[in-house]
Amino acid sequence: MTAQLPVNQHRSYARAVPKPEVDQTVPLQLSVDRNSPVPLYFQLSQQLEAAIEHGVLTPGSLLGNEIELAGRLGLSRPTVRQAIQSLVDKGLLVRRRGVGTQVVHSQVKRPLELSSLYDDLEAAGQRPATQVLAHTHVPATAEVAARLGVGEGSEVRCVERLRLAHGEPMAYLCNFLPTGLLELETGQLEATGLYRLMRAAGITLHSARQTVGARAATPAEAERLGEPAGAPLLTMQRITYDDTGRAVEYGTHTYRASRYSFEFQLLVRS
């Protein structure tokens, strides 16, 4: 069964701009195969998720209510509710009282390569922004000293930032750099990504060692990232080297798992 679903689009973003400004109807082709072993709710949720990922449903788009969707597709209301709830749970949709179900954003899928979060968000059309939480010089702990190849207790630059997309927190970034590597102003860090600033200063980024993990958010982390306490977070630690083999940055980051994922390309070894 195929149905063309009109979707209202707005130039506003859930939780960022509460009142929509412009309405526009966009035809959305949805279909379900009742002979398929795949559950109907999952077929619907996958098609809606694909429409979000490919930009057919943009942030701020409104879906019709569950009764309307069920009627258009010939599905039961519980089936449609389950499909929508699965995307709400993924952070792609949000239910807003008096408005309906609204597209919040698509999940950012970051390839495991030497790139900055700022560049990845910009490339994905996610409107990156940065809040600098701290920008100071601190004594290197044993861990930081070992990662950067400096003496324990020696002074290093510490930069803490909150990276946002469409006005919502995406990740908390804590980076340590050797003192004297480059001049950095807080305004520069708010305007663009750290790697862009390093390249502009003539630093050639060559390679990195990176570890990816996951854990539950502490209450402080949850509040910072707009997630409930105990929500899953992705973690990443990275040491970046220049073309001379010198460690130029050590970063330890946490990402909202509901908004972010890492992609791997695996090759078969012959």
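## Pairing in the sheet

Two strands count as paired if DSSP finds at least two bridges between them. The model discussed here is predicted. Strand E8 (residues 155–165) and E9 meet that test, with ten bridges in the antiparallel sense. Within this pairing, Arg157 stands opposite Leu177 in E9.

E8 and E9 belong to an open sheet of six strands. The order is E7-E8-E9-E12-E11-E10, and the pairing is antiparallel. Strand E7 (128–139) and strand E10 (205–216) stand at the edges. Each has a single partner strand, so one side of each is left without a neighbour in the sheet. From one strand to the next, the twist averages 15°. Strands of a sheet pair through backbone hydrogen bonds, in either a parallel or an antiparallel arrangement.

## Strand E12 and its two partners

In the strand order, E12 sits between E9 and E11. On one side, strand E9 (residues 168–178) and E12 pair in the antiparallel sense over six bridges. Here Ala171 stands opposite Tyr255 in E12. On the other side, E11 and E12 are also antiparallel, joined over nine bridges. Ile239 stands opposite Tyr250 in that strand pair.

How enclosed is E12? Nine of its ten residues are buried, so the rest of the structure largely encloses the strand. Arg256, in strand E12 (residues 247–256), is buried too, at a relative accessible area of 5%.

E11 and E12 form a hairpin with four residues between the strands. Gly245 takes a positive phi there, near 90°. The side chains of Asp242 and Arg246 meet in a salt bridge, at 3.0 Å from N to O. Asp242 falls within strand E11 (232–242). Asp242 counts as buried at 4% relative accessibility. Arg246 is partly exposed, at 42%.

## Salt bridges

The whole structure holds five salt bridges. Which residues form a network? Salt bridges link Glu168, Glu227 and Arg256. Within this group, the Glu227 and Arg256 side chains meet at 2.8 Å, N to O. Glu227 lies in the loop between helix H8 (219–225) and strand E11, and Arg256 lies in strand E12, so the pair ties together parts that are 29 residues apart in sequence. Glu227 is buried, with 16% relative accessibility. Arg256 is buried at 5%.

Another salt bridge joins Glu221 and Arg215. Their closest N and O atoms are 2.7 Å apart. Glu221 falls within helix H8, and Arg215 falls within edge strand E10. Glu221 is buried, with a relative accessible area of 12%. Arg215 is partly exposed, at 37%.

## Cysteines without a disulfide

How many disulfides does the structure hold? The count is zero. Cys158 and Cys174 show why: the sulfur of Cys158 is 4.2 Å from the closest cysteine sulfur, in Cys174, and that is too far for a bond. A disulfide requires sulfur atoms within 2.5 Å. Seen from Cys174, the closest cysteine sulfur is that of Cys158, again at 4.2 Å.

Both cysteines are inside the cut-off for burial, which is under 20% relative accessible area. Cys158 has 6%. Cys174 has 8%. Cys158 falls within strand E8, and Cys174 falls within strand E9. Those two strands are paired.

## Helix H2

Which residues of helix H2 (residues 66–73) are buried? They are Glu66, Leu69, Ala70 and Leu73. Down the axis of H2, these buried residues fall within an arc of 100°, so they line one face of the helix. An α-helix has 3.6 residues a turn, so residues three or four places apart point the same way.

Ile67 and Gly71 are exposed on the other side of H2. Gly74 follows the helix, with a positive phi near 70°.

Conventions
Residues numbered from 1 in each chain as written. Predicted model: local features only at pLDDT ≥ 70, side-chain atom pairs only at ≥ 80, totals over all residues. Heavy atoms only, no water. Salt bridge = Lys/Arg side-chain N within 4 Å of Asp/Glu carboxyl O. Buried < 20%, exposed > 50% of the residue type's maximum accessible area, 1.4 Å probe, protein only. Arc of directions from axis to C-beta. Axes fitted to C-alpha atoms, helices over the stretch in contact; angles between N-to-C directions.
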